[in-house]
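Colleague: I would like to go through this structure with you, one question at a time. Please show it first.

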Amino acid sequence: MKKPIKITIISLGSLLALLLIVAIVAVNVVFSPKRLTPIVQKYANEFLTCKAEIGEVDLSLFGSFPEVSLRLNNVVLVNPVEDAQSDTLARVDKLYCSLDLMELVNNKKVDVTGFTFYGGEANLFVAKDGTTNFDIVKPSEPETEESEPMKLDKMSLSNVSVDNVNVSYIDDKLGMTFDAFDLMLTLSSKANILSMSGDVNVGNFGVEHLCYKDSVNTGMLDNLALNDVALTTDGKNVAVKFDLLTIADQLYTLTGETPITARISNMRVKDVDGAWHDQRPVFAGVTTFDSAAVVMGTEGKQMHINVDQSTIDMPVTSTPERWTTTGVFSLNNLNIVDDHDGVLVKELDIDSRFVASTNAEFKDFIITDMVTKAGGQIVEASAHVELPDSTLIKADLKTRVKSTTVGELLALVPKAYKSALKGIDVEAKLDDADVAAKCEIKNGAFSLSHLAVSSKVHKMDYAEGKAMAAKIDDLDVEVAYPSGAKKCEIEVKGKLLGLHYEQRDSSTLIADIPAAALTALMPYDVIDGKLPKADATIEIGKINVVLDDTIKVALDKVGGKALLDMRSKKDLIALNLDITSSKIEAAIAQSLKSQLSNVSFIGSAVYDDKQPEILDMLNPNMAIKMQSGKLEIAELPYAVNISALDGVLTKDKVSLNKLQMALGNSNLGIKGIVENVNDWLKDRALLEANINLHSDIVDADQIMEIASGFGVSDEDLGAESSTDKDHATAAEADPFIVPKNIKVLVNTDVKQVTAQGNIFENLKGKLACNDGVLVFEEMGFTSKAAKMQLSAMYKSPRRNNLFVEWNFHLVDIDIAEMIRIVPDIDTIVPMLSSFAGKAQFHLVGETALFADYTPKMSTLKAAASIEGTDLVVMDNETFRTVKKYLFKESTPNKIDSLSVEMVIGRKKATVYPMLISMDKYQAVVSGFHNLTDAMPFNYHISITKCPIVGGHVGLDIIGDLEKPEDFSFKLVGCKYANLYRPDKQNVTQEQILHLKNQISSQLRDMVK
Amino acid sequence: MKKFFSYAFMAMLFVMFSSVFTSCASDEENLIDDNSVEQYKKDIVGKWQKSGVKEFWRFDAQGAGSVGYGEEWDEADDIYEGDDGTMKFQWDINATGLVIKEKISGGYFNIPESPFTILQLNASTLRWETNDHTQESFIRLK
C-alpha cells in the first residue's frame, strides 16, 4: 500500500504544482477569470509536459485576506501513454487553492495555505518499461535576473479538503492495480509538505472502496474511515495518534495451489499512539473486529476458519537493538471446519498473552512468557526464532501444557475426530507436560535438531463402552531427540505402574502389569509421519493375563530388547526380539497347566494381520530356550518335565537342537527337525519330522498310550464290528492306533525299554510313523531272553482290524522266556513250547489282528526256523519213563540238535521234515496242524536210527489236541529214511531239503 | 503241544517193540505234458469252493489269485477283501503241477514254491494233492 500512497502524493504534488503556477500568475498580474484563465493556461503549458485544459480560473483577494484564494473549474490534464487506462491523467471538477498574499507580495514567496479538491479522478499509469503518465513537470531551467521566478517555499496546508475523488493506479511493471473510490480527506496542518515536516491534523479520511490486485493477491476494503489523526513528522521521524480507524469490510484473496480467502468485518483500531523515531517504532493500539472468516484450499478440499468478536492488543516499544511487544489477543468462538474431516474446532475461545521481540533487522525473534488458554487448557510457551538469511529459519521452542485432566484435553479434540472416540471414556489427571524443541526450516524443508518431551499421567481410566476398560495408576513418558549411538534417533521412555486391562466382548481378557518400563529408539523421520521403526528395551516385572476365565498366563521378569519395524515391509510389522522371562505359568482350564523357567525368545517375526492362521500371521523365526519346564496336559496321563529346550521355530519348521524331558517313566533326549508345521495345521501336508532319540529309559507302554490315535478321528477308524466272541470287541480293547497326518522318523538310541513288563536293552534302529503306518526298521535290542532284531510294520485301519508284518530274529533265545514275552509265538509255532533251552529263532510273517492283538488266523502267513542244540524236549517224568526202556541212565534230557523249518498259511502250519537226535536215536518228524480251535494235526515220524530195531520205521499220528484219547497211531513206511543221506536221496527228498534250505537261508539273510 | 510229543515218543516205543517192520516208501514223480499244462491254465481260471467248507479260491487269468473264507472274505475274522492280510498269491502251472507263489512281510520273504499235484481239473471239478500229501477237492462256482 505504500506505493499507491506515494503515487497519490506525486499526483497531488503535480496538482499543487499547477496551483502554484496559477497562484503566481494571479499574484503577479491577473485577477479576472477572463484574464486569469489564459494566463494560468499559459503557465500550465510552460510548466507541464502534458496538455492541460483549464475551464475557468478566478481569484479572490479579500475573502480570506491576507490569504488569496484561487479557484479553478474543470481542470483536465491529458497525457496519452500507450496501454494506460485513459488519456486523461487527471480531472478536477473544482479546485480551490489558498495562498499567503503578504508573503507573495513582500517576499515573492508562494505559501500555499490550503486547497480543496472536489469531484474528479486521477488515472495513474506505469508502463512495463517504467514510463509513467504522471511525470508531467518540465525540468527547471537556469534562473535569470529578468525573470526571477517566484519560489514555492512552503506548502503548510492548513486546510486541505478532498472530496468525491476517484484514483486509479496501474503499474504494469510490477503487475498491480490500485483503485480508490470516493476518496474523502480533510486535514489541517502547519507542516511544510515540501520539506515533509511539521504537524498534520487529519480531521477525516475516508474511502468508500479500495481495491488492490496483483498476480496473486487481491485486497478490497470498504468504508475505511479514520478520524482525528494527529501526525507529526520532521521528514525523518513521524508520530501518529488517532482514536479510531474503522474498516467496515475487508476481503483478501491469495491464489495459488492453496488459495486463501479472508474476510474481516467491522475492524476497529482504537487509541493508536505510534511513532517512528530514530529508525525504530513505538506503538500502542487495540484492534478488534466483529468477525473474521478464512477459507483455505480448493473447492471440496477447503478448511473454513471462523472467529467472532476478537481483540488484538500488541503495544510496541523499542530500543536501538530490539523492538518489543507485550501482546494480548483474544479469539472468541473459534470454529474450524474441514470439508474432509468435518468440524475440527467448535466454539473455542482462545486467550493468549506473550512478550515478543525482534531485532531491527527482523532476523531474531524472541517470544517469552507466552500463556495461552484454549478452552479449559493452559499452555505456556517460549520461542527463539532466527532468520540468518532468506533461506533459513531456526527455532528454539519450549512449551508447557499445564496440569490438566484428560477431559479438558478431549474438549480440544476436533469434533471430526471425536467420532473415533465415540463410546470411549477417559479420565486421568495429567501433570505439567513439557515440550522443548529446536528445529530449522531451510529452503522450505523442516528438520528437527532437538526435542524433549516429558509428561506424567495419574489415575488414568480408559473405557470403550462395556467392551474394554483399562486403568493405569501412573504413566511417565519422556521423549528425547537426538538419541542413539549415531545421535540421529528419537528416544521414547515410558514407565508404567499399575496397569489393569479388561476386554469383554466375544471373549474376556483381563491383564495386569504391576510395573513396566519401556525405552524405544525411533528414526527421526517418524516426525514426518513415516511409519515407526522402534528399537525398544523392555522391563516388565510381572504380567498376569486371564482369558475367558479359562486361560491364565503369568510372566515374571520379562525383559530384553525388541525392534519394531512398520516401514520396511508394506502393511506388515517386522519384529526382532531378544526377550527373557524368568518364569511363565500358563493354564488352560483343566486341560493344560504349565510352568516354564528362564525362557528366552531370540529372533524375528513379521506380523500380518490379514492372515487368518497364527503362524502365517506371525511368520516367526524364533530361537527359544528354556532351562526347565513342566507341562501337565489333561490328555496326557503323565506330566512332561522339561529340563532343557533349545530350538528354533519358523513358520514351516521347528529345529530342536536340544530337548531333554521326562515323560512318565521315560527320559527323552530329542534332537532333530520338524517340518511342514504350517501346512500340517492347515491340513495341507503331513507333519514331517526327523529326530534322534537318546534315552536312558523309555516306557514304551506309556509312550504308545500317549501317541495312540494322534491325528486319527473315529470316522477314520470306521464302523466297528466283531463277530468273534472269543475276542474283545473293539470298544472293549484299546489297541494302539497309529498316528495319522504325520511322517516321523526316529533314530533311536535307548539304553533300556520297558514294554509289557519286559525289559529290552540297547535298542537301536529306526522307528518311522508315516500317516497311519508304523515301521520298525532293523531295530536291534537285547533282553535277558535273547538278542533280537526286529523289522516290522504295523497299521491300524480299524480298531478291530489291525495289521502287522514282521521280520523277527532272536539269537541265543531262551525259549520259555521268549514265549512269555510273545505269547502268540506259541500259537504260530506250537511245538516251540515243547523245548527248553536256547536256540536261534527266525520268524517272518504277517497277519491281521483283532483289537486285543489276537491274530486273525485266516490272514496269518509266516515262515519260521528254529535251530538249537542241547534242548530239553520232554518233561522229566516222561523222560524218566522213556529212559528206562531206551536210554542209558546217564543220558540227559536233551536232544542233540534241532532244525525246524515251517510255513504257516491258509490256517495251516506245515512243518518240514526235521531231524531230531538224542543219544543213539534219530528221527525225522514232519506234518501239519490246522490253526483252528481244535488244532487237528497230521504228523509223520520216521525213525531213521535206532539201536534196538535198526531204524526205518514210520508212524503217522493223526488227531486234534482237544481229544488226545482219540489220537490215531498208524505204522507206516519210513518216509525219510534217506532224507539225510545225500547218496541215497530221491528227487522229492532233495526238493524237501531244498525248501528247508530256502526257508532257513532267507531268514538268516535278513539278520543284519 | 508238549503232550503231543509225549504221545509221539510213547508211540515210537510201541513201534519199536512191535517188531512190525515196514519198508520205507519211495516217491515217484508224475510230470504233466505241455498240452495239459496249457489246458489246465485255462480251466483253472475262476472261483472254486473247497468241498464241505467255506474256503474259496479264485484264480485270475492274469496269474493272480486269492483265498477267502466267506462271501466277502472272512466275516468271522471281521476282515474283508481288500483289507490288509487277505491271502493273495500268484499262480502258475508247469510240468510239476500248480505252483502257488506267496510273499510275506512286504515281499521280504518268498514262501518256497512247492507244486500241488493236479489230480483232476475240468470245467466243474478241481482236485489236487499238496506237498504234504493232502488231497483237496473243489467245485467251480464261477
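The questions below deal with the two chains in turn, then with salt bridges and a surface patch.

Colleague: Before we start, what kind of model is this?

Modeller: Every value here is computed from the coordinates of a model. No part of the discussion goes beyond that model, which is predicted.

Colleague: How many helices and strands are there in chain B?

Modeller: From the N terminus on, the elements of chain B run α-α-β-β-β-β-β-β-β-β-β-β-β. The helices therefore come before the strands in that order. The count for chain B is two helices and eleven strands.

Colleague: How many helices and strands are there in chain A?

Modeller: Chain A has 1008 residues, of which 44% count as buried. Its accessible surface comes to about 50000 Å², and carbon and sulfur atoms account for 55% of that. The elements of chain A number 13 helices and 49 strands.

Colleague: What share of the residues of chain B count as buried?

Modeller: Chain B exposes about 7200 Å², with 49% of this area supplied by carbon and sulfur atoms. A residue counts as buried when its relative accessible area is under 20%. Of the 142 residues of chain B, the share that meets this is 44%.

Colleague: Among contacts in chain A between residues at least 6 apart in sequence, what share join residues at least 24 apart?

Modeller: In chain B, 38% of the contacts between residues at least 6 apart in sequence join residues at least 24 apart. For chain A, the value is 52%.

Colleague: How many salt bridges are found over all chains?

Modeller: One of them is formed by the side chains of B:R58 and B:D60, at 3.2 Å from N to O. B:R58 is partly exposed because its relative accessible area is 29%, and B:D60 is also partly exposed, at 24%. A search of the whole structure gives a total of 33.

Colleague: Which residue forms a salt bridge with A:E380?

Modeller: The closest N and O atoms of this pair are 3.7 Å apart, and a salt bridge needs them within 4 Å. The partner of A:E380 is A:K402.

Colleague: How many residues apart are A:E380 and A:K402?

Modeller: A:E380 is in strand β19 (residues 377-389) of chain A, and A:K402 is in the loop between β20 (392-401) and β21 (404-405). A:E380 counts as partly exposed because its relative accessibility is 28%; A:K402, at 25%, is partly exposed too. Both belong to a network of salt bridges that also links A:R400, A:D432 and A:D434. The pair joins distant parts of the chain, and its separation is 22 residues.

Colleague: Are B:D78 and A:R798 buried or exposed?

Modeller: These two residues form a salt bridge, with the closest N and O atoms 3.4 Å apart. B:D78 lies in the loop between β4 (73-74) and β5 (79-80) of chain B and A:R798 in strand β40 (residues 787-798) of chain A, so this salt bridge joins two chains. Both residues are buried.

Colleague: Which residues make the nonpolar surface patch of about 290 Å²?

Modeller: One member, A:I527, is placed in the loop between β27 (508-523) and β28 (533-547) of chain A. A patch takes residues with over 30% relative accessible area, and A:I527 passes because its value is 35%, which makes it partly exposed. The patch is made by A:I393, A:I441, A:F446 and A:I527.

Key: Residues numbered from 1 in each chain as written. Chains lettered and ligands numbered in written order. Predicted model: local features only at pLDDT ≥ 70, side-chain atom pairs only at ≥ 80, totals over all residues. Heavy atoms only, no water. Patch = residues over 30% accessible without salt bridge, like charges linked within 9 Å, V, L, I, M, F, W, Y side chains within 5 Å. Areas by Shrake-Rupley, 256 points an atom, 1.4 Å probe, with all protein chains shown as cover. Helix = DSSP H or I, 4+ residues; strand = E, 2+ residues; numbered from the N terminus. Buried < 20%, exposed > 50% of the residue type's maximum accessible area, 1.4 Å probe, protein only. Contact = heavy atoms within 4.5 Å.
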